[in-house]
Number of protein chains: 4
Amino acid sequence: MARLSIGANESRDERDKVMERPGLIVAPLTPFNEGLEVDEHALRRQIDYVIQDCGATMVVAAGVETQEYTYLSLEQRKVLIRHTIELVDRRVPVMVGVSHPSFKTAVELAHFAESLGAAAVQLLAPLRPFAGPPTQADLIAYFEAIARDTELPITLYLNPGPGADVSIPDTIALAKLPCVQLIKESSRDLARVSRLIVEIDRAGHARYFTTMQMLLATLQLGGSGATMPPPGSEIARYIIDAFVAKDYERAAALQLQFALFPSKWMHRGLAPVMKAALNLIGVPVGEPYPPYASLSGEEMQALEAILRTTVLADRLPITAAA
Amino acid sequence: MARLSIGANESRDERDKVMERPGLIVAPLTPFNEGLEVDEHALRRQIDYVIQDCGATMVVAAGVETQEYTYLSLEQRKVLIRHTIELVDRRVPVMVGVSHPSFKTAVELAHFAESLGAAAVQLLAPLRPFAGPPTQADLIAYFEAIARDTELPITLYLNPGPGADVSIPDTIALAKLPCVQLIKESSRDLARVSRLIVEIDRAGHARYFTTMQMLLATLQLGGSGATMPPPGSEIARYIIDAFVAKDYERAAALQLQFALFPSKWMHRGLAPVMKAALNLIGVPVGEPYPPYASLSGEEMQALEAILRTTVLADRLPITAAA
Amino acid sequence: MARLSIGANESRDERDKVMERPGLIVAPLTPFNEGLEVDEHALRRQIDYVIQDCGATMVVAAGVETQEYTYLSLEQRKVLIRHTIELVDRRVPVMVGVSHPSFKTAVELAHFAESLGAAAVQLLAPLRPFAGPPTQADLIAYFEAIARDTELPITLYLNPGPGADVSIPDTIALAKLPCVQLIKESSRDLARVSRLIVEIDRAGHARYFTTMQMLLATLQLGGSGATMPPPGSEIARYIIDAFVAKDYERAAALQLQFALFPSKWMHRGLAPVMKAALNLIGVPVGEPYPPYASLSGEEMQALEAILRTTVLADRLPITAAA
Amino acid sequence: MARLSIGANESRDERDKVMERPGLIVAPLTPFNEGLEVDEHALRRQIDYVIQDCGATMVVAAGVETQEYTYLSLEQRKVLIRHTIELVDRRVPVMVGVSHPSFKTAVELAHFAESLGAAAVQLLAPLRPFAGPPTQADLIAYFEAIARDTELPITLYLNPGPGADVSIPDTIALAKLPCVQLIKESSRDLARVSRLIVEIDRAGHARYFTTMQMLLATLQLGGSGATMPPPGSEIARYIIDAFVAKDYERAAALQLQFALFPSKWMHRGLAPVMKAALNLIGVPVGEPYPPYASLSGEEMQALEAILRTTVLADRLPITAAA
């Protein structure tokens, strides 16, 4: 089993230096053109933003549902993965989402990821297709079936809804599998996350990553970082910079920028609000995949007003009033 | 928009006669061989059982998650659909499951279903991939996007978990779409179902189908029938026979056979327990798709003991004790 | 431990005859006067209706939350219990609600019930006050603590929300306690109820009672009856009459009267809609206890229109149009 | 309407100085003697600990369910309130829990609190007794009914389970009532809390308080503090001290002490684990009220081992090994 390195693609020394920094794993949103095919040009622009401006230490390709990969055929999904890896162009490691109800398809995607030089794969703890929660034995059998066929480290991805609601004991059991080296937790339950950072990350079983609203709390407790889409990732970058510089007051002030953005528009869904924000800051990514709708004009104005209070303000167009 | 006929494939008169009977829509389980490919031979045996012995008025191909279609690639799924339609061989109409997060893939599957002579398509009310419940507008846009491109009637399939938890008002709104002619409800909430049978089926918007434990209550309230996998469907057949014959005491006694089977093993999942029951009654369907496990020897014995108290008893092997 | 008799207060023969009938346990609503004290006059009128017109086989005093007993002080609650028992005046047995987080208060209420000649007590499976579900051991210890101090049979009352969400295994374990002789289940989950009727009522551990929408299904599966407030109880009476007379088509047609009433107004709460219905049929019970509001004029009109389609139609005022 | 002051009982200047500190509202646990009456002696010892050693800026009497007040009769509850206020003896302000399904009883308790010189009252957003969530109008009517009859500021207490699950918009609407000056939120959902701190506390509508696992995150986002039982409150005191001293690394290290304690024993319930911890550190509070059980010997050992890694270590008995 290879060890996962985040933000490291050169010598061991450089890698270790980079590894001192918390991880910022960025999940680029998927721009669709009018024919609902992946818009490679827009993806290129976004990936450059993600690496150069957000300081991603890793990019995840087709890994989280906000990336709208569930709409894609397996072939389209592979094209998206290939494009992402090519556009990242070794600037940072790429982790490839291989989630699929069938472990065989997950293995096929893992082999594809290996062939492209991916650093790791990300795998959603799956729903039991025919209702009821999967048992710990089910979950372990699934992860082991995939680990048996790939050398790549696996990120256990926890996202109840599209995936299973995995209990604390089951999460710990999965984290102890040698193949599981990283965990991406989507919940905002700080009691759960506090406990798991201690019992998993600080205990040395796997690195624990959370999400936007949890970033500073995660870092302070000893967690490893967060995974998120842009442009939240640019705010996150500044939070991490401030935290690493031990400027904790600035870190807290920056964390506060995640209090309203994107939460205030979450009833619209994370993909529509993050696409709207990217469009506003000049990194065009088009509309959400149908049937989900873009934000309305009024919602866009309100979102822009909030973004003007964040580190993203400079990227917004100068208004007439200004 | 074509009108959906269930259990009718000949003259109008015959069709109307058939339509007097409540519908029994049967969802054959998917037998996998050792290579985890669909085992066509086992599928043929099962479909004959479903039509000849269970009296299915319609067969649904790759429509419900218990059919384990989510593991299949799109090509494998099409093969399963084609096999099912060929093996049914016009003895009853076939409804084809076209559920997919992308409306475009659902349309592609609907076109495929049309080309094979399917009578209808079944479409799961989808989860919003990026969390939070879809709005009524999202749901209607999704169903209309598919209806725009197929003449086949659509069954609205409600299965919270794999699909969205659709509220009563949203279910009624979807039922009023001209394209939605049938509803398959997986919940066992009799207050919800009672109300929706009245507001949807008796109101003429769409025919309401439920599931095993709900069958007699559904028929008595004026609902249209139920969808279920075998061999529950054989018990259901006798319930419907008794109900049509107005032998309500027998209908109730038969309905009682669904009190413990399959509920007592639902923590193992519906696919494993129904596959176990089919294997026990001599209709071999193999094991659940990994990582889900077959019932243990002890569980098989307990299941067999319960099945001996049902109409399926005659199909069980004669034991040494007998 | 005394055995619970329902609908029996005379000779053994009469009692046994009565016991052949399914049980209809009626929970009178609590009328409040302008000072928010119990209005004894209105209660008397309602209890006469419940016994004479609804054919209650048992009355429950301050037992379910729809009776709004949670607003009352312990003294007021005792007054309501005493009034109820006096107004029933031995026409049918009375079961007394003794639910309280403290087993000591429950025991005090049970002693009070004994002193007034109550036939049984009803006890809500309690929430754990400080969050998380009670364990099976917690639940058993609580019921045993009360059973230790009273000879009265206990009804296990299951109502998740105000009370705990008790799993199927825990419900069966409680049903096996000698003190638990009756179960009142508030869920409308027919899969759960079907299984528990078989594993509890038909297995001889305790009699299983459900609620309005579940009544006919309960009777057909071999359950013992239902508990409900008026005037649903009058509809229930006719369902039971038809069922006992083996007129199952009429029973089903009557059961259908519970499809929209009260479900269509449940967002307003069960107490407001049942109070509105009683007020409409000439059994005045006043308004819900604040802050909960009465139905609006428009809602009253819609409710009246639905009630005109039920057995309650004759009790409604003749309209100008008629 | 009086303005709520926390940690202030003298001159305005002193008060303002104190108010610069985040609030630590401590909820003493209720010690019961063998007769299950409140043990005043043990309560005195605990309140001294809470004020002198934990630095409580306010004490809450019979306010949260972990204080086991729900078991008490109204008279016993008043006795507990009176004892608490007398034992605090003006060293810090006391807030009195007045939660009751009936607004009239809540008002009676508020008047009692006034008569004893309480600084504020705490009121649980109530469940609708007869199922379904209360509407915003229901919640506002309830709070206004109580505010109409007391001059004391009201703390809106949010604790889904015993109380209602109040949505973000409904929480904001309640926070805007002039009577609501403080909010105690029991959830550990950092996305929810981040947003509400901004939209309620920083917006000037009410001060936002959370709980143990959320304390440092709350302070950093600009929230007002936390409410909790001892001995968590002693850890909290040090977190607040470090935060006020801008020693954020120490604050984070201390916050980490809440990662396993009490979360690892929450399946036993918060009252049993906190009582166990108090007993271990030499502040005896007896056992949980039945039927809830004390921690087992093995659980006590594991708890003690964890407590030895916290600021509470010095209070633990010296072991043979040490």
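Student: How much area do chain A and chain B bury between them?
Tutor: In this predicted model, chain A and chain B bury about 2800 Å² between them, with 63% of that area on carbon and sulfur atoms.

Student: Which three residues of chain A supply the most of the area it buries against chain B?
Tutor: They are Pro129(A), Phe130(A) and Tyr292(A), which supply 25% of the area that chain A buries against chain B.

Student: And how many residues take part in the contact from chain A and from chain B?
Tutor: Chain A contributes 35 residues and chain B contributes 35 residues.

Student: How many salt bridges and how many polar contacts are there across the interface of chain A and chain B?
Tutor: The interface of chain A and chain B has zero salt bridges. Six residue pairs are in polar contact across it, both residues being at pLDDT 80 or more.

Student: Which helices of chain A supply at least two residues each to the side that touches chain B?
Tutor: Among the elements that do so are α4 (103–115), α5 (136–147) and α11 (270–280) of chain A. By class, the side of chain A that touches chain B consists of 20 nonpolar, nine polar and six charged residues.

Student: What turn and shift lay chain A on chain B?
Tutor: A turn of 180° with a shift of 0.0 Å along the axis lays chain A on chain B, at an RMSD of 0.0 Å. The two copies are thus related as by a two-fold rotation axis. The same surface serves both copies, since 100% of the contact residues of chain A recur in chain B.

Student: Now the other pair. How many residues of chain D are in contact with chain A?
Tutor: There are 25 residues of chain D in contact with 25 residues of chain A. The area buried between chain D and chain A is about 2300 Å², of which 66% lies on carbon and sulfur atoms.

Student: How many salt bridges are counted between chain D and chain A?
Tutor: The count is four salt bridges between chain D and chain A. In one salt bridge, the side chain of Glu249(D) meets that of Lys246(A) at 3.3 Å, N to O. There are also six residue pairs in polar contact across the interface of chain D and chain A, both residues at pLDDT 80 or more.

Student: Which helix of chain D gives the most to the side that touches chain A?
Tutor: That is α7(D), with six residues. The helices α7 (190–201), α8 (215–221) and α10 (248–255) of chain D each supply at least two residues of the side that touches chain A. That side of chain D has 12 nonpolar, five polar and eight charged residues.

Student: What rotation superposes chain D on chain A?
Tutor: A rotation of 180° with 0.0 Å of shift along its axis superposes chain D on chain A, with an RMSD of 0.0 Å. In chain D, the C-alpha nearest the axis belongs to Asp189(D), 2.3 Å from it. Of the interface residues of chain D, 100% are also interface residues in chain A, so the copies meet through the same surface.

Student: How far apart are the closest C-alpha atoms of chain A and chain C?
Tutor: They lie 14 Å apart, and no contact joins chain A and chain C. For chain B and chain D, likewise, no contact is found, and their closest C-alpha atoms lie 14 Å apart.

Student: How many salt bridges does the structure hold over all chains?
Tutor: It holds 48 salt bridges over all chains. One forms between Glu249(C) and Lys246(B), with the closest N and O atoms 3.3 Å apart. Glu249(C) lies in helix α10 (residues 248–255) of chain C, and Lys246(B) in the loop between α9 (232–244) and α10 (248–255) of chain B, so the pair joins two chains.

Student: Turning to the backbone, which residues does the cis peptide bond in chain C with omega of about 0° join?
Tutor: It joins Pro230(C) and Pro231(C). Pro231(C) is in the loop between β8 (225–228) and α9 (232–244) of chain C. In chain D, the peptide bond from Phe261(D) to Pro262(D) is cis, with omega near 5°.

Student: What is the phi of Asp89(B)?
Tutor: Asp89(B) has a positive phi of about 55°, although it is not a glycine. Asp89(B) lies in the loop between α3 (74–88) and β3 (94–97) of chain B.

Technical notes:
Residues are numbered from 1 along each chain as its sequence is written. Chains are lettered from A and ligands numbered from 1 in the order in which they are written. This is a predicted model: local features need pLDDT of at least 70, side-chain atom pairs count only at pLDDT 80 or more; totals for chains, interfaces and linings use all residues. Side-chain values use heavy atoms; hydrogens and water are left out. Contact means heavy atoms within 4.5 Å. Buried area is the accessible area (1.4 Å probe) that two parts lose on being put together, summed over both. A polar contact is a pair of N or O atoms within 3.5 Å; within protein, one must be able to donate a hydrogen and the other to accept it, and residues adjacent in sequence count only if both atoms are side-chain atoms. Helices (H or I, at least four residues) and strands (E, at least two) are DSSP runs, numbered from the N terminus. Ala, Val, Leu, Ile, Met, Phe, Trp, Tyr, Cys and Pro count as nonpolar, Asp, Glu, Lys and Arg as charged, and the others, Gly among them, as polar. Copies are superposed by least squares on the C-alpha atoms of residues with pLDDT of at least 70 in both.
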